[in-house]
Structures are given as structure tokens and as C-alpha cells.
Amino acid sequence: MKEKPDWLKKKLNADRSRLSEIKVMLRSLRLNTVCEEAKCPNIGECFASRTATFMILGNVCTRNCRFCAVSKGIPGSPDPKEPENISRAVHVLKLRHAVITSVTRDDLDDGGASHFVDVVRELRKNCPDTTIELLIPDLNGNWKALERIVREHPDVLNHNVETVPSLYVSVRPGATYERSIGLLRRVKEIDSSIITKSGIMVGLGEDEDEVKSVIDDLIGAGCRMLTIGQYLQPSHKHLPVVEYITPEQFESYRIFALERGFSFVASGPLVRSSYHAALGFSSLH
């Protein structure tokens, strides 16, 4: 692996007892977080501030994306108690903004949409003051399943395009750029009032013009929130880092995206899809 530059070296200044407390609570409720499964570099900061991005539908993905640390294989059946347990965890953590994502479940007819619906309903019932952000997979292009999720009116609906079109074959086998852009566009067609969000990783071999083209495509699809972060290789089995993007280039992308019409842009080496999600949502209100 390439030597990480100084701007990517981050000390864990979190209260370890609090980290342990949260992990124990999550295990007791049989809940997964993308923070742990995807080896997020911000896990200490977020757990210490009692924030977590919950990952529903298990911890085994049916896709084989070459950037992601989540386990791949044949997943088990969805846990019917998971929606209730999510709402219990959100209540215990006293979250004002809950982020819910999932593994991709191509084995399910609706891609797991009904499970997302159940989670939203449990949160609305038991945590009415908590705003809800969903980070959903592409549902294999099942737009009827997408409509079921949209009709629950989450406060933010996020779907990451992850990379530029030219790298999809190597980075996201099983997905297509057109499908992801189409999903974001379809959300706004179903309910124009929902805030849509997306994210992209850089450092995989894309060039600046390609990133700017993705930003333009997202604006064209009605997206108004954007995250841009550095790809970090989870293990030697994953795609290597081609380039470490400088903080100055991240700032250049942020300014470009704002000029193109985005309302909120988080762009930086350690930015991830759900990093400071509550701050991003509150800035739009």
C-alpha cells in the first residue's frame, strides 16, 4: 500500500469506555453499523459523540464491489426484530438524526425496500423528534420498490454513485452509473420535496474533469447534498489507491459543486457518506 500523507493520519481521541459501551449496546440488540463493517476512519469520533450509521439487512452483501470492506457472500434472512431494535438504539443514543443504510440484497425481490419501510415506521412511531436519513442501494433498478421507500418520506434519501462512469466495471461490478443516476432522478419525480444526496470517492484513477462531470450529472438529477472523500484501501485484496488527493483539490471540488448549485457539500480526505450528516441536514433548514 502507498504511504499515507500526513493529512490522512488521524489520532483516536475518543473515550474508549464510551466506545465500548456503544459496541456492547449494539451487540445486545444484534445490530450492525457501517462504521464497523466498512472500517470507517471516523468511527472513534462518531461513536464518542453517540452517533452511528446503522446497517440493516445483515452484514453480508450480494455484490462484489472491489472498494468495500463489507463481507460478500450468501446472506441470511432479514431479522424481523431489526426495525424495533433500531428504534430502541436510536432512543438510547438520543440521536437527533438517524442514518440507516444496508448491504445490497439482490436475493430479495424488492431489494430490501420493505425492511427500510418498516424501519422508518418504527422510528416515526418511537422517535418522532429524530430526523431520518436513508442511504439505499440501487434495488437492482426496481422502481416500484423505490417508490415504497420514497412514500415513507425520509428527511434525506441518499444513494452513492461512488465513482466516475469509466471506473464502474473495475470498481462496482454488478452496478451501473446510469442506474444510480436514474434512481436519484426517479426519487425527485416521485416526491420533489425530498432532499436527495449522493457521494463519490476519489483517488481510484479518475481525473478532475470526470469528477466535475459527475457533479454536473448529480445536479441534473436533482441532487442537492454531496460528499466527496478519499478512497482508502481496506486490505490488500481490495483495489489499490492510485492517488492521494490533496486537501486543496478537495476544496476545489467543494467550491465547484457549490457553484453548480449544491446546497451542502462535504469534501475532504476523511469525509464519508454519513460524516456530519446531521450538520448537513440542519444546514438546509
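**Close-up views: salt bridges and a covered strand**

Arg186 is partly exposed, with 31% of its relative area accessible. Salt bridges with shared partners also link Arg63, Asp106, Asp138 and Arg179 into one network. These views come from a predicted model.

**View 1. Arg186 and Glu189 pair along helix α8.** The two side chains form a salt bridge, 3.3 Å from N to O. Both residues belong to helix α8, which covers residues 177–190. They sit 3 residues apart, so about one helical turn separates them. Glu189 is exposed, because its relative accessibility of 55% is over 50%. Arg186, at 31%, is partly exposed.

**View 2. Glu122 and Lys125 form a salt bridge in helix α5.** The N to O distance is 3.5 Å. Helix α5 spans residues 113–126 and contains both partners. Their spacing is 3 residues, about one turn of the helix. Glu122 has a relative accessible area of 19%, so this residue counts as buried, the limit being under 20%. Lys125 is exposed, with a relative accessible area of 57%.

**View 3. Arg105 forms a salt bridge with Asp107.** Their closest N and O atoms lie 2.8 Å apart. How accessible is Arg105, buried or exposed? Arg105 is buried, at 2% relative accessible area. Asp107 is partly exposed, at 40% relative accessibility.

**View 4. Arg63, Asp106, Asp138 and Arg179 belong to one salt-bridge network.** Shared partners join these four residues. Side chains of opposite charge can pair when their charged atoms come close. How many salt bridges does a search of the whole structure find? The search finds 14.

**View 5. Strand β2 is covered on both faces.** The strand consists of residues 53–56. Thr53 and Met55 are on one side. Phe54 and Ile56 are on the other. All four are buried. In a regular strand the side chains alternate between the two faces of the sheet.

**View 6. Strand β2 runs parallel to strand β5.** Strand β5 covers residues 97–102. The two strands are joined by 4 bridges. Which residue of β5 is the bridge partner of Met55? The partner is Thr101. Met55 is also one of the buried residues of β2, on the side that holds Thr53.

Technical notes
Residues numbered from 1 in each chain as written. Predicted model: local features only at pLDDT ≥ 70, side-chain atom pairs only at ≥ 80, totals over all residues. Heavy atoms only, no water. Buried < 20%, exposed > 50% of the residue type's maximum accessible area, 1.4 Å probe, protein only. Pairing = 2+ DSSP bridges.
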